[in-house]
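Welcome! Here are some short exercises to work through with the model open in your viewer. Try each task before reading its solution.

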Amino acid sequence: MGLYDTYIKIQRPDFDPTKRVLVTSDIHGNLPYLKGLLKKVGFCEDDILIINGDFLEKGPLSLETLRYIMELSKKGNVYPVMGNCDDWGAVFHENSEWARNIPNYMRWRGSGLLWDMAIEMGMDPAGIEDLEDFKAHLKVHFPEEFEYLANIPMCIETEKFIFTHAAVLPKPLEEHKVGEVVRYDRFMASGFRFDKWVVVGHYPVMLYLEDHVCANPIINHEQHIISIDGACVLKDDGQLNCLIIPNIMSEDFSYVAYDHFATAKVLEPQKRSEKSYYIRWGDSKVHVMQRGEEFSHCKHERTGYEMDILTKYLFSDNEFTECNDCTDLVLELQPGDIVSVVETTSRGYFVKHKGTSGWYFGKLQMLTEADEFIPPPKQKKWDNNWQKNLGKHRLK
Ligand SMILES: [Mn+2]
């Protein structure tokens with residue numbers, strides 16, 4: 001039996017009702033974003049900070065991020081929740097097929113907590129063959145890290161809120177298994193409604209949208225669900241979101257977002273395009289009709305929608321290929337609007353305005369330079385045999 005078949009651990013802390021509650025999620029080893037966000041939101045010891053899962057994997061600095069969060073936790077006002085990428089506390093007990101494939105997982109991902117730990121121990125992370133020997137080393141070298149991870153709850157429940165990584169189901173919290181709350185895609189599309197507010201990460205918010213890309217939290221008053229994953233490592237134009245709850249009894253929500261991009265002031269007005277489409281991960285097969293050096297004219301295979309895509313966003317030189325997330329939306333902008341500059345091209349700028357990504361073809365006045373940014377390691381293609389055989393493997 002694996003961790004995911006066991007019942008969840010629920011924490012019911014007695015939060016000071018005078019304190020601000022900050023919630024972020026899906027940091028994915030992107031420590032500069034976490035630091036940038038905490039600075040932007042003015043995080044201090046008087047705040048309660050909930051880290052709603054998936055602070056590890058995918059990004060470049062998993063071990064450093066874990067240690068930073070462990071250090072923050074010593075003050076007693078930081079509350080981690082387990083996501084499907086943070087379940088390494090179970091690594092010494094797991095005997096699932098997934099657990100036996102950890103060396104393959106490491107080679108495929110080329111980053112992550114165990115990858116970072118292997119490097120720190122002077123081992124070749126891509127060359128782990130003897131898993132039991134590797135685990136024995138981990139146990140000796142990182143006892144504090146694994147103890148911290150093993151003690152993280154899967155849900156935090158208060159009078160008005162449930163904080164969990166991916167989902168809860170319409171049944172008593174105690175009856176949930178770990179797999180049900182840490183790995184559930186498109187939770188907001190489930191149709192479930194709750195009495196308490198359920199705050200989740202896990203599923204990038206823009207994937208709920210059709211014709212545009214917006215990375216801001218979605219606050220759904222009908223279902224009492226707040227979805228906050230801004231896809232900070234997964235999407236080039238993603239961001240790390242922080243939901244701000246003025247105090248644990250309040251429903252007066254707001255949020256702050258951090259990304260590393262340069263900012264600029266819009267100097268000319270621009271009207272929104274009449275139609276637009278958002279080509280996204282998982283549905284990104286395109287027919288390249290005319291390949292250019294900078295832009296290529298493409299047809300989205302499933303919908304037949306045609307748009308120009310940055311050629312560097314195409315995954316191969318083939319006529320039929322997949323591509324990076326992209327949109328042809330032209331943003332509605334007014335002089336004085338502040339935007340983040342994601343791409344500078346010969347045609348104009350690909351920018352973000354209040355969380356929404358799109359094109360701007362007018363003049364910009366640059367305001368601030370981009371912050372330091374460590375790009376995530378390049379993802380290898382999803383074609384290893386071990387993954388095909390695993391089917392629904394645990395970590396994604
Ligand atoms: Mn997740």
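## Exercise 1: the mixed sheet

An open sheet is built from 6 strands in the order 1-5-6-7-10-9, and its pairing is mixed. Strand 1 (10-11) and strand 9 (218-220) are its edges, each with a single partner strand, so one side of each has no neighbour in the sheet. Before going on, note that this is a predicted model, in which local features need pLDDT of at least 70, side-chain atom pairs count only at pLDDT 80 or more, and totals for chains, interfaces and linings use all residues. Residue numbers start from 1 along each chain as its sequence is written.

**Task.** Find how strand 1 and strand 5 are joined, and which residue of strand 5 stands opposite Gln11.

**Solution.**
- Step 1: settle the terms. Strands (E, at least two residues) and helices (H or I, at least four) are DSSP runs numbered from the N terminus, and two strands pair if DSSP finds at least two bridges between them.
- Step 2: look at the direction. Strand 1 and strand 5 (residues 155-157) run parallel and are joined by 2 bridges.
- Step 3: pick out the partner. Gln11 stands opposite Ile156.

## Exercise 2: the antiparallel sheet

**Task.** Which strands stand at the edges of the open sheet with the order 8-22-21-20-13-23?

**Solution.**
- Step 1: this sheet has 6 strands with antiparallel pairing.
- Step 2: the edges are strand 8 (213-214) and strand 23 (364-368); each has a single partner strand, so one side of each is left without a neighbour in the sheet.
- Step 3: for a pair within the sheet, take strand 20 (residues 338-344) and strand 21 (residues 349-353), which are antiparallel over 4 bridges. Here Glu343 stands opposite Phe350.

## Exercise 3: two hairpins and two faces

**Task.** Describe the hairpins that strand 16 forms with strand 15 and with strand 17, and say which side chains of strand 16 are buried.

**Solution.**
- Step 1: strand 15 (residues 285-291) runs antiparallel to strand 16, with 5 bridges between them. The two make a hairpin with 3 residues in between, and Val288 has Cys298 as its bridge partner.
- Step 2: strand 16 also pairs with strand 17 (residues 306-310), antiparallel over 5 bridges. This hairpin has 5 residues between its strands, with Gly304 in the turn at a positive phi of about 80°. Ser296 is bridged to Ile309.
- Step 3: apply the burial rule: a residue is buried if 20 or more other C-beta atoms lie within 10 Å of its own, exposed if 12 or fewer, and partly exposed in between, with C-beta atoms placed from the backbone.
- Step 4: sort the side chains of strand 16 (residues 295-300). Ser296, Cys298 and His300 point to one face and are buried, while Phe295, His297 and Lys299 point to the other and are not.

## Exercise 4: unusual phi angles

**Task.** Are Asp54 and Glu57 buried or exposed, and what sign does phi have in each?

**Solution.**
- Step 1: recall the background. Most residues other than glycine have a negative phi.
- Step 2: read the angles. Asp54 has a positive phi of about 60°, and Glu57 has a positive phi near 70°.
- Step 3: place the residues. Asp54 is in the loop between strand 3 (48-51) and helix 2 (62-73), and Glu57 lies in the loop between strand 3 and helix 2 too.
- Step 4: count neighbours. Asp54 counts as buried because 27 C-beta neighbours lie inside 10 Å; Glu57 is buried, with 25 other C-beta atoms within 10 Å.

## Exercise 5: the cores

**Task.** How many residues are in the largest nonpolar core, and which touch the most other members?

**Solution.**
- Step 1: define the set. A nonpolar core consists of buried Ala, Val, Leu, Ile, Met, Phe, Trp, Tyr and Cys residues joined through C-beta atoms within 7 Å.
- Step 2: the largest has 89 residues, of which Val23, Ile50, Val81, Phe163, Val181 and Val199 touch the most other members. At least three of its residues come from each of domain 1 (3-86 + 152-259) and domain 2 (262-368), with bounds from an automatic or database domain assignment.
- Step 3: apart from this core lies another, of 11 residues, including Val266, Leu329, Val339 and Phe350.
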